[in-house]
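Colleague: I'm new to this one and would like a close look at a single part of it. Could you start with one of the sheets and then walk me outward from there?

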Amino acid sequence: MNLIQDLEILDDLDAPRLTAEEAEGARKVYIETYGCQMNVSDSEIVAAILRAHGYGLTRDPEQADVVLLNTCAIRENAEQKVRHRLDIFRAHKRKQRPGLRIGVLGCMAERLRHKLLEEEQLVDLVVGPDAYRDLPRLLEEAETTGQAAVNVQLSREETYADIAPVRYDSNGVTAYVSIMRGCDNMCAFCVVPFTRGRERSRPVQSILDECARLVEEGYREVTVLGQNVNSYRYTENGTVVTFPELLYRVSLISPELRVRYSTSHPKDCSDELLHVHRERHNVCNYIHLPVQHGNTDVLRRMRRTYTREQYLALVERARRIVPGISLSTDIIAGFCGETEEEHRDTLSLLEEVRFDHAYMFMYSERPGTYAARKYRDDVPLEVKKRRLQEIIELQTRISLENNRKEIGRVHTVLVEGPSKRSPEQLCGRTDTNKMVVFDRQDFRPGDYVRVRITDCTSATLFGEPLGRTTLAESAHTEPALV
Ligand code: SAM
Ligand code: SF4
């Protein structure tokens, strides 16, 4: 089977991001990245570490001497997809490339180290998310001993602050900057605290330096990343820098740089943070604010630390302080013990908030989590599926209705590149994170373009371009009805 074609079998949501940019080197590494934006950002760090040690990078797995899968353990099907890919690469190694080294990085490495190494003997390398600096040594070890090499040590300090990531999969316009790692929240369903360890924040100055470098290189948008990004907290010369302060400082780097962040926890979404959105024209009017569920009892069982009412009050505050702010969310259907009535509370919360977008999942039990230890995963699969379907149908209708209201408005769009459907068209995002497609004319990636919205689906806006603008110029003037 063709190693790349096989990827097309994988569906969109959990599909991997490909791979590093090409770079010369004695031995070539191919990296495939699964899961969240943090993993994409981590793969850029891995690419930087390996390049500094003389490795080359390739987008073609057939050419690779080393294949690395940077993995996700958040749901069972994410893991199954990686296992399927491992089977393919192992067959390739057996039949065509006996010298190939196969490595598992990231969350699955942390969770399944023994299984991958001892029981199944699937891989040559198992490296957890805090051990990437050790990769060159581990590769060397696997090479010389012919044995599997492993480092899954979690750290309380590692932030990779001094490593300049190799930007790959990049459009040269938007970039991720990782600002904190790990998570201390212990939501009952979630494996992240076990696979990524304790929360730790990266030094302020190293973040500002990286963002400033990106601006110099021509980037127009940074998304600062963390599993729980708004609990960022770094003590500098005896003073604490919190997330709102950091965001403010990043926004001062350039008036033409858009600033976003992901993912925030509702408990840390303070008024101070909302006021930074309001005051700074280049901090985007958009927050991804995962609610997970619409029923307070379920939220308590999930250990989310807020009630339905507190979440709704937060939404109300956000919309009062930052008029026009766009919100998106994550939802889990079929959590342990979820009754039909509790499920209907999720539907009614969606109706009430009217998010612009949602990521919607069926609950998947993860070994070792609080929920796996304390509750029964007792909602039958068929019921989970049906409830998820109801949630998806409702949210798709709401997204479409929200988007229809955009028709006639003018948005400033940052051009990211050609649209997927046609090279004659460009795509880019509004301040509120909505994807817009419009005719190319003479616009280029990195341009800010005023676009009048003429049509939409539930996921995309379509429009006609009115001309170039600057971010500073367009601040406070949109979205206008013309
Ligand atoms: N830190 C973010 C937060 O607290 O909202 C979320 C990070 S998590 C990587 C992304 C999303 O995956 C979560 O918001 C949740 O909706 C979903 N998720 C996590 N564990 C899950 C599980 N066991 N089953 C289904 N969905 C899950
Ligand atoms: Fe997982 Fe909760 Fe941490 Fe998000 S906040 S990464 S859902 S434990």
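In what order do the strands S8, S11 and S14 form their open sheet, and is the pairing parallel or antiparallel?

Modeller: Happy to, and one thing up front: this is a predicted model. The order in your sheet is S8-S11-S14, three strands in an open arrangement, and the pairing is parallel. As background, strands of a sheet pair through backbone hydrogen bonds, either parallel or antiparallel. At the edges you'll find S8 and S14 (258-262), each with a single partner strand, so one side of each has no neighbour in the sheet. Ignoring direction, neighbouring strands here are turned by 25 degrees against each other on average.

Now zoom in on one pair. S8 and S11 (residues 221-225) run parallel and are joined over 5 bridges. If you want a spot to put your finger on, take Tyr176: its bridge partner in S11 is Thr223.

Step back along the chain from S8 and you're in a loop. That loop sits between strand S7 (149-151) and strand S8 (174-178), and Asp162 is found in it. Is Asp162 buried or exposed? Its relative accessibility is 59%, and because the cut-off for exposed is over 50%, Asp162 counts as exposed. Asp162 still has company, though: its side chain makes a polar contact of 2.8 Å with the side chain of Arg133. Glu210 is worth a glance too, as its C-alpha is 9.4 Å from that of Asp162, with the two positions 48 residues apart in sequence.

For a contrast, try Arg101, which lies in strand S5 (residues 101-106). With a relative accessible area of 15%, Arg101 is buried. The side chains of Arg101 and Glu143 are joined by a polar contact of 3.4 Å.

There's a second open sheet to look at, also with 3 strands and parallel pairing, in the order S15-S16-S17. Its edge strands are S15 (286-288) and S17, each of which pairs on one side only. The twist from one strand to the next averages 10 degrees. Between S16 and S17 the parallel pairing spans 6 bridges, and Asp330 stands opposite Tyr359 in S17.

That second sheet leads straight to ligand 1. Strand S16 (326-333) and strand S17 (357-362) each supply at least two residues of the shell around ligand 1. There are 16 residues around this ligand, and those that come nearest are Gln227, Pro290, Gln292, Asp330 and Ser364. So you meet Asp330 again here, because it counts as near when one of its heavy atoms lies within 4 Å of the ligand. By type, the shell around ligand 1 divides into 7 nonpolar, 5 polar and 4 charged residues.

A few contacts to trace by eye: a polar backbone atom of Ser364 is 2.7 Å from a nitrogen atom of ligand 1. A nitrogen atom of ligand 1 also lies 3.0 Å from a backbone N or O atom of Phe189. On the side-chain end, an N or O atom of Arg75 is 3.3 Å from an oxygen atom of ligand 1. Taken alone, ligand 1 exposes 570 Å², of which the protein buries 91%.

Last stop, ligand 2. The residues that surround ligand 2 include Cys183, Cys187, Cys190, Phe189, Gln227 and Arg304. Its shell divides into 7 nonpolar, 3 polar and 1 charged. Gln227 is one to keep in view, since it is listed around ligand 2 and is also among the residues that come nearest to ligand 1.

Conventions
Residues are numbered from 1 along each chain as its sequence is written. Chains are lettered from A and ligands numbered from 1 in the order in which they are written. This is a predicted model: local features need pLDDT of at least 70, side-chain atom pairs count only at pLDDT 80 or more; totals for chains, interfaces and linings use all residues. Side-chain values use heavy atoms; hydrogens and water are left out. Ala, Val, Leu, Ile, Met, Phe, Trp, Tyr, Cys and Pro count as nonpolar, Asp, Glu, Lys and Arg as charged, and the others, Gly among them, as polar. Helices (H or I, at least four residues) and strands (E, at least two) are DSSP runs, numbered from the N terminus. Buried means under 20% relative accessible area, exposed over 50%, partly exposed in between (1.4 Å probe, protein chains only). A polar contact is a pair of N or O atoms within 3.5 Å; within protein, one must be able to donate a hydrogen and the other to accept it, and residues adjacent in sequence count only if both atoms are side-chain atoms. Accessible areas come from the Shrake-Rupley method with a 1.4 Å probe; for residues, only the protein chains shown count as cover. Two strands pair if DSSP finds at least two bridges between them. Axes are lines fitted to C-alpha atoms, for helices over the stretch in contact, and angles run from 0 to 180 degrees between N-to-C directions.
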